[in-house]
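Here's a structure that's new to me. Could we walk through it with a few questions?

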Amino acid sequence: MWLYLVPTLAINLMVILVPALLTVALAFFRWDGISTPVFIGLGNFSALLNDGVFWTALQNNLIWTAIFLVVPIAMGLLAAAMLLVARRGSTFFQVIYFLPVIIATAITARVWQGMIYSPVTGVFGLLQKTGLPLTNPLSQPSRALFGVATVDLWHWWGFLCVIFFAALRQVPQEQIEAARLEGAKFFQMMRYVLLPAIRPTITLMMIMTVIWSFLVFDFVYILTQGGPAFSSEVLSTLAYRKAFYDLNVGQAAAAALVISLFGLVATFFYIRLQSKEGAP
Amino acid sequence: MSSLKHLAAAAGLAAVALAAATASAQDKKPITWWYETAAPENQENLQTILVDPFNAAHPDQSLSIDFRGAELDKQLRIAMLSGSGPDVVYTAGPSYVAAMAQAGQLLPLDDYAAKLGWNDRLLPIFLEIGKYDGKLYALPKTYETLGLFYNKTLFDKNGWQPPKTIAEFETLADAMLAKGIVPFAAGNADWRPANEHYVSIVLNSIAGPDNVYKALTGQIPWTAEPFVKAIDTLNKWWQAGYFGPNYFSLSGEQAFAQVATGQAGMAPTGTWNFTNVPRYFPANNAEPAFVGFPSAEGVPYPIYALGVGSTFSIAATSQNPDGAAAVIDMVFSDKFYGDMNSAWQGEWNTPLKDLSKVTMADSVLPLYTQTMKGLAASVSAGQYGYTTWTFLPPATDTYVVSGIEEVWLGKITTAQFLETLDATFKQDREQGKAPAIPKR
């Protein structure tokens, strides 16, 4: 019976556990990725804590998490509820909403960078010519993070919509009919019937959003590489820069551990939720 | 029956031919080389100008180039750690060579340099850059410099002369601003390290190469007065709007194209942009020109800051080091220089001492040939400076890229920028990460 667990266990050990333990160990060493590592205790952590960019990156991750806990979840819920109410054409809209999710992130990022935000080749440039005072958000320190988040939101919210729609379809039809017969309006239906019924799905998506928000890398790296002047730096781009540009793998591993810490907290809540749901 | 016999005989012959071909393929010693991103036409150039002639001239060798894309550097470092890298090691620059040589991943090239005549053929400074602990480990694939591209047609129309001093340069830039022309064609949307091109320019042309040399060798700190003046001047140019409103939105190529169209007046950038000249200038009926960047008072004119983008080494674990050395030797030949630079300008300016024997195609812009010959002569005469990406250690270099943006955007002062730069440099140097600095 235990033999059935061996393949997945072996994969997890080799692909996840060994590199994870190596990363934990490297956080306590000074290593350039090439020569022999030198043990320096908590040196990497203290260097990170004294680095202003680390705090900017952490703050940006928290802002990112807050944005993604509210905007795409609200958009996804609203659109999913609409799809449920107006069943006609729901498959078509599901496909349209889901389409950005299946486009490679690098393509999505380049399309937004070159065809939307660019003042030379993008829609923003065209609108500028008509006199609208639009500037590329990626070039403004105060707006760069939000400019990147907008692209990720466009790419991401459709996924949540489809997940919420699938959950909403599991809500017993009798409850919805009964609410309708009682004269419930759309928002009353949402507030008293639909949202409570799919609460576990929403909670799970929120926990996953926290984990994913601390792992965000691709859109930031492609669109701004953390700039201008670190204004859109997040922990993962900081770790990447430390490892591959500064040749400071130890500090990169320390930054990765901080990312994992937030992931672990979220995972703890996820497991608690799972066990609660599983309890008789 | 007869046709069956013929068929059997044909099959037998085919089998013999196949076996012979297989045996011949097995006799050839493979030479592997991982290359970075290259456009399809340039991959073709490498195949026809290097791989095919090399394999034809060396029947016992089989050179193959594997195009690994923009992440070559990371792939290479991981492969070298595990001893499974290519024979010809193509690093991202001299600052990576020191760490690899220290870790015993590279083969010393001194014997090959003596045997194959590299010591006589290459500019000595570039042999010095590739040394670690007194031994030669790397040779630069290409060297580049920074200067000032401008639109000669636009200059003639406005009666402008290319500036030689910083004062003339600023007067000219202000005149361009007054006419609604962006003084600098500049953008970093696709390559954020473009920031350091401007830092390198002001360090060498305002603080001066002697001071940069002293700082690189630890004789003076980066917080010294000449560097304060240099960074303050660069910041003044940013605040005055010389970089235009779209620096963070334009790619390097989009920005360069604006010099050709006349939207921008000058491009303080590197010689690698010669590759973009034929693409944009003829289409806009504009004549291109290139001069050294103006110098501040007390600094000779022109100062060509030297840059080495990538280097060649041989892996210590290579099964075919002689083959790899033969490939590198071919790259440093007059014929290869002429053929490759005729087809692909700006990327293969190998550091040959004497370019007089090099023949270039008639289609090559005379401006490019003159610039490269002038550059080789300046370097030979010791009139050169130092680019940050070649002579600063890795963490210091990445700080320059990000830190200067903080100065421009008012997040930190020049003094704070230079203090962090100095501290990072000292730390890198203590850890043995600083590349070799040739004596002046």
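What follows is a short run of questions and replies.

Me: Before we start, what kind of model is this, and how is it numbered?
Reply: Residues are numbered from 1 along each chain as its sequence is written, while chains are lettered from A and ligands numbered from 1 in the order in which they are written. Local features need pLDDT (the predictor's confidence in each residue, from 0 to 100) of at least 70, side-chain atom pairs count only at pLDDT 80 or more, totals for chains, interfaces and linings use all residues, and the model is predicted.

Me: In chain A, where is confidence highest?
Reply: Chain A averages a pLDDT of 92, and 99% of the residues score at least 70. Helices here are DSSP runs (H or I, at least four residues), numbered from the N terminus. The lowest mean, 88, belongs to α13(A), and the highest, 96, to helix α7 (residues 144–168) of chain A.

Me: Which helix of chain A gives the largest share of the largest nonpolar core?
Reply: A nonpolar core is a set of buried Ala, Val, Leu, Ile, Met, Phe, Trp, Tyr and Cys residues joined through C-beta atoms within 7 Å. A residue is buried if 20 or more other C-beta atoms lie within 10 Å of its own, exposed if 12 or fewer, and partly exposed in between, with C-beta atoms placed from the backbone. The largest core has 164 residues, and A:Leu235, A:Ala255, B:Val88 and B:Ala185 touch the most other members. Its largest share, nine residues, comes from helix α13 (residues 249–278) of chain A.

Me: Why is helix α12 of chain A largely enclosed by the rest of the structure?
Reply: Look along residues 235–244 of chain A, the span of α12. The buried ones include A:Leu235, A:Tyr240 and A:Lys242. The helix is largely enclosed because the buried residues number nine of the ten.

Me: Is A:Tyr117 buried or exposed?
Reply: A:Tyr117 sits in helix α5 (residues 105–117) of chain A. Leaving out residues up to four places away in sequence, its contacts (C-beta atoms, placed from the backbone, within 7 Å) include A:Trp112, A:Phe124 and A:Leu138. With 25 other C-beta atoms within 10 Å, A:Tyr117 is buried.

Me: How many residues of chain B touch chain A?
Reply: On the chain A side, eleven nonpolar, eight polar and three charged residues touch chain B. Here Ala, Val, Leu, Ile, Met, Phe, Trp, Tyr, Cys and Pro count as nonpolar, Asp, Glu, Lys and Arg as charged, and the others, Gly among them, as polar. Chain A gives 22 residues to the contact, and chain B gives 22 residues.

Note on methods
Contact = placed C-beta atoms within 7 Å. Helix = DSSP H or I, 4+ residues; strand = E, 2+ residues; numbered from the N terminus.
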